[in-house]
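Colleague: I would like a close look at a single part of this protein. Please take one element and describe it along with its surroundings.

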Amino acid sequence: MEERDQAIADQLAKSCHGMGLSHCEDCGEAISEQRQKAVPGLSALRGLPIIVGTIREITSMSIQLDLWQLLTFLIGLLLAFMSFCFVAVRLLLAQVDNQLSQRFKTMEQSQETANKNWESRFNQLMDQNQRETDGWQSLERDFLRFQADLPINYVRREDYVRNQTVIEAKLDSVALKIENVQLKGLQQ
């Protein structure tokens, strides 16, 4: 913009030496010769002096482009837009990738923590199971010893009754023999 303003100012400075319009472009009134001489290139009664030739050149100026220049410009514009889109998509995908990486890291850490907890709980249960198994085995060994020692240390009721009956029968027979001996001794 600064270069354009400078170029317009330079052009105005060059062409302000000629005569301007004789009548105002805005209202159509005649511009006095004194005023035209005092402000060269005048085209209107009010406002700043405008160089007639320069304005006409500017208003009639058109941009002329060949078809290949237009196509090159459009292709360049399209390539720039596609590059911008590509960079934006790459940035977006990089952010998504970072978020997914963080999420997976968090999931892996929680899974490792859960695995450690499960492993410690499983080891505790295995230890408890082993202690219970050892307890049952020792109880079974004690019971088998008790069964082996039972006939040695204890007598069944039926055996006791039978033995007691035998002992009483023998005592009765001994008592009977003693009585018989006493009776024979008294008879003699």
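Modeller: What follows is a description of helix 4, set within the whole protein.

This is a predicted model, in which local features need pLDDT of at least 70, side-chain atom pairs count only at pLDDT 80 or more, and totals for chains, interfaces and linings use all residues. Residues are numbered from 1 along each chain as its sequence is written, and side-chain values use heavy atoms, with hydrogens and water left out.

The protein has five helices and zero strands, where helices (H or I, at least four residues) and strands (E, at least two) are DSSP runs numbered from the N terminus. Helix 4 covers residues 67–153. It has 87 residues and reaches 124 Å from its first C-alpha to its last, close to the 129 Å expected at 1.5 Å a residue; the expected span is 1.5 Å times one less than the number of residues.

Helix 4 has a kink of about 25 degrees at Gln147, shortly before the proline Pro151. The bend at a residue is the angle between axes fitted to the seven residues ending there and the seven starting there.

Leu77, which lies in helix 4, belongs to a nonpolar surface patch whose members include Leu67, Leu70, Phe73, Ile75, Phe81, Met82 and Phe84. Together the residues of this patch have about 1,300 Å² of accessible area, by the Shrake-Rupley method with a 1.4 Å probe, where for residues only the protein chains shown count as cover. Patches are made of residues with over 30% relative accessible area and no salt bridge; like charges are joined within 9 Å, and nonpolar side chains (Val, Leu, Ile, Met, Phe, Trp, Tyr) within 5 Å.

Helix 4 also holds Arg145 and Asp142, three residues apart and separated by about one helical turn. An α-helix has 3.6 residues a turn, so residues three or four places apart point the same way. Arg145 forms a salt bridge with Asp142, the closest N and O atoms being 3.1 Å apart; the term means a side-chain nitrogen of Lys or Arg within 4 Å of a carboxyl oxygen of Asp or Glu. Arg145 is partly exposed at 48% relative accessibility, and Asp142 is partly exposed at 43%. Buried means under 20% relative accessible area, exposed over 50%, and partly exposed in between (1.4 Å probe, protein chains only).

For the setting, 6% of the 188 residues of the protein count as buried. The accessible surface of the protein comes to about 17,300 Å², of which 59% belongs to carbon and sulfur atoms.
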